[in-house]
Amino acid sequence: MKLVTFKTEGKVRSGWIAADGGIVDMAKASGGELPDTISAFIEDNEKYMPILKKKYQDAKADYALEDVELLCPLPMPASFRDFMSFKEHTEHSAQLFNMKVPEYYYKKPVFYFSNSKSFVGPEAEVKRPDGCQRMDYECELAAIIGKSGKDISAESADDYIFGYSVLNDWSARDLQAPEIGCGLGPAKGKDFATSMGPCIVTKDEFEQYRTADGRFDVPMTVHINGKKITDGNYKTVLHTFPAIIEHVSKNVTIYPNEVLGSGTVGNGCLLELGVTDPNHFWLEPGDEVVMEIGGIGVLRNKII
């Protein structure tokens, strides 16, 4: 299933993408048997998912896709942890900041908490922060937690994932740079916006892309104003989501509707490309950033 949050006739609704590409209104199609928000559905998905699949999976679309406005599928996550799970990105970034990658990084997935209340969806306009001249995108895969747990092993961690989405961790590099040396994370360089969407693909549907080593073979691409800038693949990740969940849940309970960002795929941002590109540039108002991950879809945003 591909679950969505959308707006029509001034009202925010939730549903899924039908086989014909249209949108099924979850509460409408089920006569209220299913909830009217994605967060409520995920909160109790072990109850609702069997009902959806048994009774409503083949429901006819209520709206054509072009007649609704897709929003962030999970508008206000319970929390947002973002990781640095791709070795290539981490090493490139360290080089640019004249830093050495700590040995700990290769052993454990490291993360920071970002602003879970500043999520936006596909087609949303994203304002370049005041005082920023070096705005950047970061191409990531997001995992959405589907049930509570603590001290979870990597071997059982998949049971706690509800689904996946495309995530753009916007960055203000010139605001981020002076914060790096303070040791508390990027803070104001990251908190102004995070894009996610266009949908949440349920875990079972995403399994078809799994590789023998437990990763996913899905392309991760970014086009800016129609030109391909990033061409990566999730299968190159160092720390997988099961490893991430094992690390995060040690001594800590995780909950449904929390979002985990994979971190940026190799060459998945303009900062990295500055290592080798003599024509390096930053995002400007008017630029269109189109991010796509195989099996999920397109996340498109315009800078203002």
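The exchange below concerns the pockets, the cavity and one buried arginine of a predicted model.

Local features in this predicted model need pLDDT of at least 70 and side-chain atom pairs count only at pLDDT 80 or more, while totals for chains, interfaces and linings use all residues. Residues are numbered from 1 along each chain as its sequence is written, and side-chain values use heavy atoms, with hydrogens and water left out.

Biologist: Which element supplies the largest share of the lining of the largest pocket?

Modeller: A pocket is an open set of points on a 1 Å grid over the protein atoms alone, where a 1.4 Å probe fits, with protein on both sides within 12 Å along at least five of seven lines, and lining residues have an atom within 4 Å of a point. The largest pocket has 31 lining residues, with Met-84, Met-99, Val-110, Gln-176 and Ile-180 nearest its centre. Helices (DSSP H or I, at least four residues) and strands (DSSP E, at least two) are numbered from the N terminus, and those giving at least two residues each include strand 5 (79-83) and helix 6 (173-180). The largest share, 4 residues, comes from helix 4.

Biologist: What is the volume of the second largest pocket?

Modeller: Its lining includes Lys-2, Pro-122 and Arg-300, and strand 20 (residues 297-303) gives the most, with 3 residues. Volume here is the space filled by probe spheres set on the points, which are joined across faces, edges and corners. For the second largest pocket this comes to about 220 Å³.

Biologist: How many cavities of 30 Å³ or more does a search of the whole structure find?

Modeller: In a cavity the 1.4 Å probe fits but cannot get out. The largest cavity has a volume of about 40 Å³, and its lining, which includes Asp-158, Arg-210 and Phe-241, draws at least two residues each from strand 12 (161-168) and helix 8 (241-248). The number found in the whole structure is 1.

Biologist: Why does Arg-128 count as buried, and which residue does its side chain join in a polar contact?

Modeller: Arg-128 sits in the loop between strand 8 (125-126) and strand 9 (135-136), and it counts as buried because its relative accessibility is 15%, buried meaning under 20% relative accessible area with a 1.4 Å probe and protein chains only. A polar contact is a pair of N or O atoms within 3.5 Å; within protein, one must be able to donate a hydrogen and the other to accept it, and residues adjacent in sequence count only if both atoms are side-chain atoms. At 3.2 Å, the side chain of Arg-128 is joined to that of Glu-284.

Key:
Buried means under 20% relative accessible area, exposed over 50%, partly exposed in between (1.4 Å probe, protein chains only).
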